[in-house]
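User: Please take a close look at one part of this model for me, the strand pairing in the second chain, and then set that part in the context of the rest.

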Amino acid sequence: MDTRLYLALLIVSLVTLLITPKLYWVVSYPTVMAVIGSSLAFGSISALIAARRLYFLAHVTPHMALLAAPLSAIVLGHKGGDWILAVLLVLVLVWTSGYALYKGVSSDVIASIMVSFTASATVLALYYAQRIVGAGRVSQLILGDPLLVTSFEGLTALIVGLLVAVFSLSIAREVFFVGVSRETALVSGLKVWIYDFTLYTLMALSVAIMLRITGFLVTSVLTLLPGAIAVIVARGSLQVTLASITIASIASALGLLASISLNMPPSGVTGLILVTIYALARVARFG
Amino acid sequence: MHEFKDIPMVRLDSVHVSFNGVRALDSISLELRGPGIIQVLGPNGAGKSTLLKVIAGLIRPVRGSVYVNGVDVTGRSDVAGMFVAYMPQSNEPPGWSPLTVWEFVETSVLTRKARWPRFVVGGVRGVVERCLSMVGVPRGSWYLRLSELSGGMFQRVLIASVLVTGAPIMLLDEPLASVDPEGRVALSRVLSQLATDRLVVVTSHDPHPLLEHTRLVVALNKRVVAIGDPHEVLSRLAPGALYPYWVSEHGH
């Protein structure tokens, strides 16, 4: 498909999201901002993850974010600013994983250790966090609900989403190039570690900030599938990144509308829509 | 295409490389001067690819130093990259990559000629077109994804990505391995044209496709077994010196 078609589809899905509050009173503008922000962030980062084959990172980062959120709540209680601490914790864990990979540790080993550590520690953290922030907030971290976000959270998600999308588009060419041959990229003078560091940082920011909107369970799907679908249907770094953002936006818009109509959690419906698009794309391309 | 003021030159001083205690290169001291094609021959595990990576600064030797055009590039791919273009050994295109042939070759030159954010700069388009045509990538394949190419066509694209850089020293790891016989002849001519003003270092199991264009042969088996004029080295090498298994099995 042509790049202009992806752009047109992206605009249609964003406009659909923007008019949703006029159609359904339960949808507020903070919700729309949050959904657009998460689509932009996950759509763009997903393309880079697919290009570098860093799928393990898409699996482990939500685990890190799920540990960081209740841990921050325990540390700071009701003082506020716990999301900043959560973001910092996720950054440290993601950078540690990236450094281990750089030092030659296999991605399977990193994923095993990180998931084992974070999953175990998360059970303990959630147990204590429930007493501080309440079971509702904990449930929101796991299931995610854009309908519950505050104005501040919605605006933060939108700004972060825009920043992640702009950065991702500006480094897509180099990241895709490194994905083909890291050694050629190194000899051609590309500072590969800077692009890796930026990618890990964007990933950590996206997941840590969007966790409350999309929830732990669907974050992996959102960081994996838009890029995986885009790699099947589009060609070239710019087109694949744009296609990935478009696919994430379409799935989010349809997910939000369908969930309101069917009275179901939006993140779950969005996830299922992405899985369906992926299956259709694979069948259409490979039979 | 280009003229270089300095004679392209690579020098290795007592280079020793080992991986997890296993010796890969042992006390290699070499001086490779351009222009011309230099073939590095040897069996699997002889250290041919390692030698190229050491020259490109991708592997830091345990001992010894590497100089390119008089500059110490030991373990410094960013410094080596100022003089060197490197083509890795690859028989299969990356099955997942959605990068197009055009964008891959274009990015190979943009990473050297432009700063981030890298938009296309003037003159690049013509150079990319010329290099793709030179290595025989048909125009109809320029906007295919890399994953849609055959092994031989991907190899041509890799060679184009090295040519496009205009580097005075080219390190090509088995560039003709997956190319069909007709393509080998054509690509050999292209490489010999380029080698008129560059140093082109090529690894290979089979010296013959490039033999008539080769200025120097380095026979390698973790150490330098022989070095010199291609015909002289190949006739002087004791049977089985490089390929003992092949010789004993087939009696060649």
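**The paired strands of chain B**

Analyst: In this predicted model, B:Arg11 stands opposite B:Glu31 of strand β2(B). The two strands concerned, β1 (residues 9–19) and β2 (residues 22–33) of chain B, pair in the antiparallel sense, and 8 bridges hold that pairing. Between them lies a hairpin with 2 residues between the strands, where B:Asn20 takes a positive phi near 50°. Strand β1(B) is also joined to β4 (residues 63–68) of chain B, again antiparallel, by 5 bridges, and in this pairing B:Leu12 stands opposite B:Val66. As a general point on reading such pairs, side chains in a regular strand alternate between the two faces of the sheet.

Turning from the strands to the contact between the chains, 27 residues of chain B are in contact with 22 residues of chain A. On the side of chain B that touches chain A, at least two residues each come from α2 (77–80), β6 (84–87) and α3 (101–113), and α3(B) gives the most, with 6 residues. By residue class, this side of chain B divides into 14 nonpolar, 8 polar and 5 charged residues.

The partner, chain A, has 12 helices and 0 strands. Its radius of gyration is 18 Å, close to the 19 Å that the globule rule gives for 287 residues, so chain A is as compact as a globular protein of that length. Along the principal axes, the C-alpha atoms of chain A fill a box of roughly 55 × 45 × 35 Å. Buried residues account for 55% of the 287 residues in this chain, and among its contacts between residues at least 6 apart in sequence, 78% join residues at least 24 apart.

Two helices of chain A deserve a closer description. Helix α7 (residues 151–180) of chain A has 30 residues and reaches 42 Å from its first C-alpha to its last, which is close to the 44 Å expected at 1.5 Å a residue, although α7(A) bends by about 55° at A:Ala172. Helix α9 (residues 192–214) of chain A has 23 residues that should span 33 Å at 1.5 Å a residue, and the 31 Å between its end C-alpha atoms agrees with this. A kink of about 30° in α9(A) is centred on A:Ala208, and just after this helix A:Gly215 takes a positive phi of about 85°.

Technical notes
Residues numbered from 1 in each chain as written. Chains lettered and ligands numbered in written order. Predicted model: local features only at pLDDT ≥ 70, side-chain atom pairs only at ≥ 80, totals over all residues. Helix = DSSP H or I, 4+ residues; strand = E, 2+ residues; numbered from the N terminus. Expected span 1.5 Å × (residues − 1). Bend = angle between axes of the 7 residues up to and from the residue. Contact = placed C-beta atoms within 7 Å. Nonpolar A, V, L, I, M, F, W, Y, C, P; charged D, E, K, R; others polar. Pairing = 2+ DSSP bridges. Rg over C-alpha atoms; globule rule 2.2 N^0.38 Å. Buried ≥ 20, exposed ≤ 12 C-beta atoms within 10 Å, placed from the backbone.
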